[in-house]
Amino acid sequence: MGGDPQRLSSTFGPRLQVGREMAYDFHRGIDIPAPEGTSVLAIADGVVTRAGDDAGYSDTMVQVEHCGDDGCRWSNYLHLAEACVEVGDEVDAGDVVGLSGIAESGDEQLHFEIREGRSTQGYAVHPLRVLPGLQWAPPTVSIVAVDEEASGGAAVEVEVGTIGVDPALVRVEVVTRDRGTDATLGERVFDTEAWNREYTLEEDPGLIDTPEIDGIRVEPAPFTHGSVAYGLRVRFSGLGAVSAGREMGVTVKAVDAYGVVSEASLP
């Protein structure tokens, strides 16, 4: 498999924690490898709203609020060795806000988040929506299996991902249809940002860190700095059934943080 080695060690969404015996969780940012003490720069003009040791976080961090005509977003910089700003400071894009440190896993890296609409973790979105200058290519998508006899309606298993670029996948859509009439039989969506919003705000805070919720099962492949590909297998259940003697068609779309769509269909 071709592609350049990956520069990120984790992306937004479902992951297997390579440094923690492949434990599954939902990751609300991206991890960028950097030697301890590397300068961390503000991504845009803003005002510092959190800095240093914060009760809501496990290590030193900085949060900057960026507001404009289209509303407010917040950038979070975590696993810092040192915060170089204080709450209330105004910063310009490119100002040093901290020095990178070491994560709980022992890796030297920066954890970076973007939150839109509110500053809390339920409003985290894929940081590659706003982070400039990263490698890009359309997502890959393929249909692995279709089980028309599955209990509760057809089940469709798909593989999506990226090869040799920064993984920016945010959404996978599946539609089944009756090939004879073209009528839609079922539709399911796995949207990483909506998934975070819905299940982070649930009463059960651990729900989002389970790989199967409401008939959608997510299986990320191992991925870290140096990987040449990012992959995610998703199984969607409850996608309807065709009448006897008819055939089912399936269409799958993968959408990235830039709005680019890749598609696969059967037959």
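The following exchange concerns a predicted model and the grounds for several terms used to describe it.

Reader: Why is the contact of Phe12 and Phe26 called edge-to-face?

Author: The ring centres of Phe12 and Phe26 lie 5.6 Å apart, and their planes stand at 80 degrees. Rings pair if their centres lie within 6.5 Å, and planes over 60 degrees apart count as edge-to-face. The values for Phe12 and Phe26 therefore meet both conditions. This is one of five aromatic pairs in the structure.

Reader: What makes this a link between distant parts of the chain?

Author: Phe12 belongs to the segment before strand 1, whereas Phe26 belongs to strand 2 (residues 23-27). The two residues are 14 residues apart.

Reader: How do you know whether Phe12 is buried or exposed?

Author: The relative accessible area of Phe12 is 1%. Buried means under 20%, so Phe12 is buried. Phe26, at 3% relative accessibility, also counts as buried.

Reader: Why is the pair of Tyr77 and Phe112 called tilted?

Author: For Tyr77 and Phe112 the distance is 5.4 Å centre to centre, with 50 degrees between the planes. Stacked planes are under 30 degrees apart and edge-to-face planes over 60, and the rest count as tilted. An angle of 50 degrees therefore makes this pair tilted. Tyr77 lies in strand 7 (residues 71-78) and Phe112 in strand 11 (residues 108-116), so the pair ties together parts that are 35 residues apart in sequence. Tyr77 has a relative accessible area of 1% and is buried, and Phe112, at 2%, counts as buried.

Reader: Which residues do ring pairs link into a cluster?

Author: The cluster consists of Phe190, Trp195 and Tyr199, linked by ring pairs.

Reader: What makes the buried residues of helix 1 line one face?

Author: In helix 1 (residues 192-200), the buried residues are Thr192, Glu193, Trp195, Asn196, Tyr199 and Thr200. Viewed down the helix axis, they fall within an arc of 160 degrees, so they line one face of the helix.

Reader: What is found at the start of helix 1?

Author: A side-chain oxygen of Asp191 comes to within 3.0 Å of the backbone nitrogen of Glu193. The limit for a polar contact is 3.5 Å, so this distance satisfies it.

Reader: Why do strand 13 and strand 17 stand at the edges of their sheet?

Author: The open sheet has five strands in the order 13-14-19-18-17, with antiparallel pairing. Strand 13 (140-147) and strand 17 (212-213) each have a single partner strand, so one side of each is left without a neighbour in the sheet.

Reader: How do you know that strand 18 and strand 19 pair?

Author: Pairing requires at least two bridges. Strand 18 (residues 216-220) and strand 19 (residues 229-236) share five bridges in the antiparallel sense, so the requirement is met. At one of these positions, Ile216 has Phe236 of strand 19 as its bridge partner.

Reader: How many bridges join strand 20 to strand 21?

Author: Six bridges join these antiparallel strands. Val252 stands opposite Ala264 in strand 21. The hairpin of strand 20 and strand 21 has four residues between the strands, and Gly259 takes a positive phi near 85 degrees there.

Reader: What lines the largest pocket?

Author: The lining consists of 35 residues, of which Arg15, Asp25, His27, His79 and His111 lie nearest the centre of the pocket. Strand 11 gives the most to this lining, with four residues. The pocket holds about 750 Å³ of space.

Methods. Residues are numbered from 1 along each chain as its sequence is written. This is a predicted model: local features need pLDDT of at least 70, side-chain atom pairs count only at pLDDT 80 or more; totals for chains, interfaces and linings use all residues. Side-chain values use heavy atoms; hydrogens and water are left out. Buried means under 20% relative accessible area, exposed over 50%, partly exposed in between (1.4 Å probe, protein chains only). The arc is that of the directions from the helix axis to the C-beta atoms. A polar contact is a pair of N or O atoms within 3.5 Å; within protein, one must be able to donate a hydrogen and the other to accept it, and residues adjacent in sequence count only if both atoms are side-chain atoms. Rings of Phe, Tyr and Trp (its six-membered ring) pair if their centres lie within 6.5 Å; planes under 30 degrees apart count as stacked, over 60 as edge-to-face and the rest as tilted. On a 1 Å grid over the protein atoms alone, a cavity is a set of points where a 1.4 Å probe fits but cannot get out, and a pocket is an open set with protein on both sides within 12 Å along at least five of seven lines; lining residues have an atom within 4 Å of a point. Grid points are joined across faces, edges and corners, and a volume is the space filled by probe spheres set on the points.
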